[in-house]
Amino acid sequence: MSRLLIDGELVLYGEVGDGWWGDYFTASEVLEALAEHGSENDLPVRLNSPGGDAFAGIAIFNALKAHQGTVTIYVDSMAMSAASVIAMAGDEVVMREGALLMIHDPMTMAWGNASEMGKVIDSLDKIAEQMAGIYARASGKDKAACRSIMKEETYLDGEEAVEAGFAHRTDAEVAVDVIAFDYRSYDKAPEHLKLVAKQNGWTFRPPNISQSAASAAKPSQKKEISMSGKPQAADTNAVDLDKVKADARAEAIKAERDRREAVTSCEHYGPNQDLAEHLLNRTDLSAEDIVASLKHGAKAAAGKDEDEHKPGDLANDGPGQYAASRRQAESQQPDLGAGPSGGDKKDGRLLARAQKMYGGSK
C-alpha cells in the first residue's frame, strides 16, 4: 500500500526527491500511488513542499498530467521551486489561506574548471526553459514573461497566484505547518521562514549545534517521522515528536546563548559591535570564527593588517578565518533585511509571527 495515498488523497508533503529530514516524496512513489488509485478516478492532491529535485518535479508533473481522472491540487501551505512545477499539473489549483507559491530559476551546486562550469550553466538554462514552458501553458502567459518571474524569485499568496493565472481559486481553510527545510538557501525567502529554519536548526551547512529534530531520531526511524502535520495512519513505533523538537530547541537555544556570550565577552566586541551583531544575527559562523574576524578587523583599523596578515591569503588563513574574512567584507554592503535597531528585536517579532502562522514550538 502506497504511503502517499491517505484516505483517497495523494499527500505530497516534504522535499521533492530524497529529503534531508524525513519528509519527502519521489517520482517513483507517486507513480506507484497513481497506479494503486486507478487512472480513471478523480484525484485530490494535497501539496506542501519547499521544493527539491527539479527533474523529479518535472517527472511528477508529467505523471499527474497523464492521469485520466480530474486532478485537484490543494496547496496546503507552500509549493516552492520544483513543487510549484508540480502544482501546474492540476486541472484545478486551490490555494489555502496563508499558502505560498514560489517560482524561481533552478539552482545547483557544482565543482570543476571553466569548461565544466559552462556545461552546468547550459544545463540550468535548458531546465529553466522547460519550466518556463510549463508555467506559460498553465497560466496563459508567454514564456518570456514566465522567465522574468522566475529570474526574480517570485513569491505569491493565494490571491496573487490566482491573479497571475497560476491557481484557479483560494480556500478559506488555514494553511498547515511548514516543512523542515533550510529556507535561507533561497535569496528572497520571507524572513519568518528563514527564522523558522534558524530556530529549528534546519540547515544544509555542517551543524554547529544539535541536529534537527528529524535527524535526532534513530536512522532506522528517520523516514517515518513527519515534522509537517501530514495526516498519517497509526504508527505503533511513532516517536514523541513534541519531546524531540522541544529537546532539540532547548539545545539550540543554549548553544546560541553560549555562542553569543563568547562573542560579546571578547575584547574586540566593543569597538566592532556592529560587525559582531551582524555576524551573530545574520550568519551561522561559530563564535571562534566571529572573534577571529573581529580581531582581524581590529588589526586592520590599527594599520597592522597589511604587514602581519593578508585576508583571503590561503597560505595564512585557515578555512574558518577565510570564510570570516569574506563575511566581514560582505557585511560592509547595506543590509536591506535588518532594521536600524539591529536583529534581536526583529528576530523576536519574526519568531512570534512564525509561531502564530505556523504553530512553531513556544
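Which helix holds both R259 and E256, and how many residues apart are they? I looked this up first in the model, which is a predicted one. Both residues belong to helix α8 (residues 241-264), and they sit three residues apart, about one turn of the helix. I recalled that an α-helix has 3.6 residues a turn, so residues three or four places apart point the same way. The side chains of R259 and E256 form a salt bridge, with N to O at 2.8 Å. I noted R259 as buried, at a relative accessible area of 12%, and E256 as partly exposed, at 28%.

Entry on the salt-bridge network. I found that salt bridges with shared partners link E9, R46, D76, R96 and D171 into one network. For the structure I recorded 11 salt bridges.

Entry on R46 and E9. I then looked up this pair, whose side chains meet in a salt bridge at 3.8 Å, N to O. R46 is in strand β5 (residues 43-49) and E9 is in strand β2 (residues 9-13), so the salt bridge ties together parts 37 residues apart in sequence. Is R46 buried or exposed? I entered R46 as buried because its relative accessibility is 15%, and buried means under 20%. E9, at 23% relative accessibility, counts as partly exposed.

Entry on D105 and R147. I located a salt bridge between D105 and R147, with the closest N and O atoms 2.5 Å apart. D105 lies in the loop between β8 (100-103) and α4 (114-139), whereas R147 lies in helix α5 (residues 143-151), so this pair ties together parts that are 42 residues apart in sequence. I noted D105 as partly exposed at 23% relative accessibility and R147 as buried at 10% relative accessible area.

Entry on helix α4. I examined this helix from end to end. At its start, a side-chain oxygen of N113 comes within 3.1 Å of the backbone nitrogen of S115. The helix has 26 residues and spans 37 Å from its first C-alpha to its last, close to the 38 Å expected at 1.5 Å a residue. After α4 comes G140, for which I read a positive phi, near 85°.

Which elements do the buried residues of α4 pack against? I listed α2 (54-66), α3 (82-87), β8, α5 and α6 (158-164). Among the buried residues of α4 are I127, M131, I134 and Y135; A128, A132, G133, A136 and S139 are also buried.

Conventions:
Residues numbered from 1 in each chain as written. Predicted model: local features only at pLDDT ≥ 70, side-chain atom pairs only at ≥ 80, totals over all residues. Heavy atoms only, no water. Salt bridge = Lys/Arg side-chain N within 4 Å of Asp/Glu carboxyl O. Helix = DSSP H or I, 4+ residues; strand = E, 2+ residues; numbered from the N terminus. Buried < 20%, exposed > 50% of the residue type's maximum accessible area, 1.4 Å probe, protein only. Expected span 1.5 Å × (residues − 1). Contact = heavy atoms within 4.5 Å. Polar contact = N/O pair within 3.5 Å; in protein donor to acceptor, adjacent residues only side chain to side chain.
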